[in-house]
Amino acid sequence: AALFRAWEAAAAGLPGLLAARNVRTVVSELPTTPAPSVWIAALQGDERKLERAYSLLSFLSHSFVWGEEPIATALPRQLAVPWCAVAEETPLKRRPVLTYASFNLFNWRRIDPAAPVALGNTARSLNFLGGQDEEWFSAVHVAIEARAGEAVVAAAEAQRLSVGLATPAEAVGGGGGPASPARYARDVLGLLGTAAESIEACVAILRRMGERCDPYIYHQRVRVFMS
């Protein structure tokens with residue numbers, strides 16, 4: 001528990017540490033982890049804890065590498081050992097590197113838990129330098145992912161219907177037989193229409209990127225830490 005509290009505290013302070021160009025000193029003072037066999041069992045089987053540990057170590061490690069000059073070519077043991085161990089335990093056995101999932105998909109919360117996942121209702125959990133541009137860049141992607149899910153579900157259902165692997169309940173005839181070709185066409189077209197609406201909504205969200213994310217700020221201050 002003390003180990004995770006140290007990671008959380010260091011990661012929470014990254015914007016200030018990076019602005020002060022003093023992140024390596026603080027990270028180097030993190031506690032050295034014992035052999036993974038001693039503590040990794042507490043994470044095994046708990047995907048949420050694994051993803052949180054993976055995200056914390058990813059942010060800390062990329063900050064250590066890119067946060068000061070010259071660029072670091074090696075990580076201290078305090079980061080390298082646990083990062084590799086946690087990466088190996090993730091469901092997809094990811095490599096120790098900051099991924100899109102860690103930067104965005106597992107790195108947000110709803111401001112109003114009862115409201116939908118949408119622009120204006122999400123905030124990041126971890127940041128590098130922080131600020132409006134980094135927050136908005138992520139918020140746009142989270143909102144896109146939320147709306148894109150509708151297209152994925154609709155497209156998958158349309159594919160199943162098109163090959164006759166599923167029959168929608170409302171399209172089954174009174175005798176329990178399969179629906180007519182016309183019914184299938186109606187249902188598939190309806191699902192494709194849902195997918196199209198979802199994609200159009202995603203495009204509309206993406207077009208709002210420039211509202212609060214300046215291209216220069218993004219490339220000079222945000223993108224560099226994802227390298």
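1. In this predicted model, the buried residues of α6 are Gln78, Leu79, Pro82, Trp83, Ala85, Val86 and Ala87. The elements that cover these buried residues include α1, α3, α4 (36-39) and α5.

2. The length of α6 can be checked against its residue count: at 1.5 Å a residue, its 13 residues should span 18 Å, and because the end C-alpha atoms of α6 are 18 Å apart, the expected and the modelled span agree.

3. Within α6, Val86 deserves separate mention, since leaving aside neighbours within four places in sequence, Val86 is in contact with Trp39, Ile40, Leu43, Leu50, Ala53, Tyr54 and Leu57. Val86 is also listed, together with Trp7, Leu30, Trp39, Leu60 and Phe103, among the residues with the most contacts inside the largest nonpolar core, which has 47 residues.

4. Two or more residues of this core come from each of α1 (2-12), α2 (14-19), α3 (23-28), α5 (47-66), α6 (77-89), α8 (132-162), α9 (181-206) and α10 (215-222), and it is α5 that gives the most, with 8 residues. Another core, of 8 residues, lies apart from the largest one and has Ala151, Leu161, Tyr184 and Leu191 among its members.

5. As for the packing of α1 against α5, the two helices meet at an angle of about 50°, with their axes 10 Å apart, and they are therefore oblique to each other. α1 passes α5 in a left-handed crossing, where the contact is made on the α1 side by Phe4, Trp7, Glu8, Ala10 and Ala11, and on the α5 side by Arg52, Ala53, Leu56, Leu57 and Leu60.

Notes:
Residues are numbered from 1 along each chain as its sequence is written. This is a predicted model: local features need pLDDT of at least 70, side-chain atom pairs count only at pLDDT 80 or more; totals for chains, interfaces and linings use all residues. Side-chain values use heavy atoms; hydrogens and water are left out. A nonpolar core is a set of buried Ala, Val, Leu, Ile, Met, Phe, Trp, Tyr and Cys residues joined through side-chain atoms within 4.5 Å. Buried means under 20% relative accessible area, exposed over 50%, partly exposed in between (1.4 Å probe, protein chains only). Helices (H or I, at least four residues) and strands (E, at least two) are DSSP runs, numbered from the N terminus. Contact means heavy atoms within 4.5 Å. The expected span of a helix is 1.5 Å times one less than its number of residues. Axes are lines fitted to C-alpha atoms, for helices over the stretch in contact, and angles run from 0 to 180 degrees between N-to-C directions. Angles under 35 degrees count as roughly parallel, over 145 as roughly antiparallel, 65 to 115 as roughly perpendicular and the rest as oblique. A crossing is left-handed if the near helix is turned anticlockwise from the far one by less than a right angle, and right-handed if clockwise.
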